[in-house]
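Reader: I'd like a close look at one group of charged side chains. Which of them pair up, and how covered are they? Please put that part in its setting too.

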Amino acid sequence: MIIRAATEADAEALAAIYDHHVLTGFGTFELEPPGVAWMDAKRRDVQRHGLPFLVAELGRRVLGYAYAGPFRPRPGYRYTVEDSVYVAPDAIGRGVGRATLAAVLDQCQALGLRQVVAVIGDSGNEASIGLHRALGFADAGVVRDVGFKHGRWVDIVMMQKPLNGGAETLPGTPGLALGGG
């Protein structure tokens, strides 16, 4: 398995993985699959910020992906990102999510970022919660019943991982270029 930067050529595979999770799970609060064009626009936006959007590939097949996007659009959040990780249904439990997310975290560390936040759909999502804990994330709280999907109310679990000393020192890099809003 190789981990590499996602490209436009990956958009269909990325959308197929995401579509599965939209239709069957609670990891995302999308109700309808947004499609290939949306997925490629998401990839371009993440990479435009200089952030990692990575795929795990085996035998020329994309098995999963992970990325870090801006946490919020305002400049005060320029040292914080939010991670996302999705794995093809037949590749779950094979280390794909761990490998891609670990590579994303390494790249965020190299960029001088200070915090990574995980917003995990469903407090029962033990696979994602366990993956984040294994990679050094700590629980930051649960926001109860904020989503409604598949006929039930769904929590979000917040987790957080400091990078580069977190808040212990002042940043030495300019952080992400973020606008207002």
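Author: Start with cover: a residue is buried under 20% relative accessible area, exposed over 50%, and partly exposed in between (1.4 Å probe, protein chains only). The model is predicted, so to speak plainly: local features need pLDDT of at least 70, side-chain atom pairs need 80 or more, and totals for chains, interfaces and linings use all residues. Numbering starts from 1 along each chain as its sequence is written, and side-chain values use heavy atoms, without hydrogens or water.

Asp-40 comes first. Asp-40 counts as buried because its relative accessibility is 8%. Arg-43 is buried as well, because its relative accessible area is 8%. These two side chains form a salt bridge (a Lys or Arg side-chain nitrogen within 4 Å of an Asp or Glu carboxyl oxygen). The closest N and O atoms of Arg-43 and Asp-40 are 2.7 Å apart. Both residues sit in helix α2 (a DSSP run of H or I, at least four residues; strands are runs of E, at least two; both are numbered from the N terminus). Along the chain, Arg-43 and Asp-40 are three residues apart, about one turn of the helix.

Asp-40 has another partner. The side chain of Arg-44 meets Asp-40 in a salt bridge at 2.8 Å, N to O. Arg-44 also lies in helix α2 with Asp-40, and here the spacing is four residues, again about one turn of the helix. The cover of Arg-44 is another matter. Arg-44 is partly exposed, because its relative accessible area is 45%. Asp-40 thus bridges to Arg-43 and to Arg-44. One of those partners, Arg-43, is buried, whereas Arg-44 is partly exposed.

Move along the helix. Helix α2 covers residues 36-48, and Asp-45 belongs to it. Asp-45 is partly exposed, because its relative accessibility is 29%. The C-alpha atoms of Asp-45 and Gly-35 are 16 Å apart, and the two residues are separated by 10 positions along the chain. Asp-45 has a charged partner in Arg-48. Their side chains meet in a salt bridge, 2.6 Å from N to O. Both residues lie in helix α2, three residues apart, about one turn of the helix. Arg-48 is exposed, because its relative accessible area is 61%.

There is also a network. Salt bridges that share partners link Arg-4, Asp-10 and Glu-57. By the rule above, the count of salt bridges comes to nine.

Glu-57 leads to the strands. Strand β2 covers residues 53-58 and is joined to β3 by six bridges (strands pair when DSSP finds at least two bridges between them). The two run antiparallel. Glu-57 stands opposite Val-62 in β3. Between β2 and β3 is a hairpin with two residues between the strands. Gly-59 in that hairpin takes a positive phi near 60 degrees.

Strand β3 has a second neighbour. It pairs with strand β4 (residues 80-87), also in the antiparallel sense, over seven bridges. Tyr-65 faces a tyrosine there: it stands opposite Tyr-86 in β4. Is β3 mostly covered or mostly open? Strand β3 spans residues 61-70 and is mostly covered, with eight of its 10 residues buried.

Strand β1 is worth a glance. It covers residues 2-5, and Ile-3 lies within it. Ile-3 is partly exposed, because its relative accessibility is 33%.

Now the whole protein. It has four helices and seven strands. From the N terminus on, the elements run β-α-α-β-β-β-α-β-α-β-β. The C-alpha trace spans about 45 × 40 × 35 Å along its principal axes. Buried residues make up 44% of the 181 residues.

Back to your group, then. Asp-40 is buried and holds salt bridges to Arg-43 and Arg-44. Further along helix α2, Asp-45 and Arg-48 meet at 2.6 Å. In that pair Asp-45 is partly exposed and Arg-48 is exposed.
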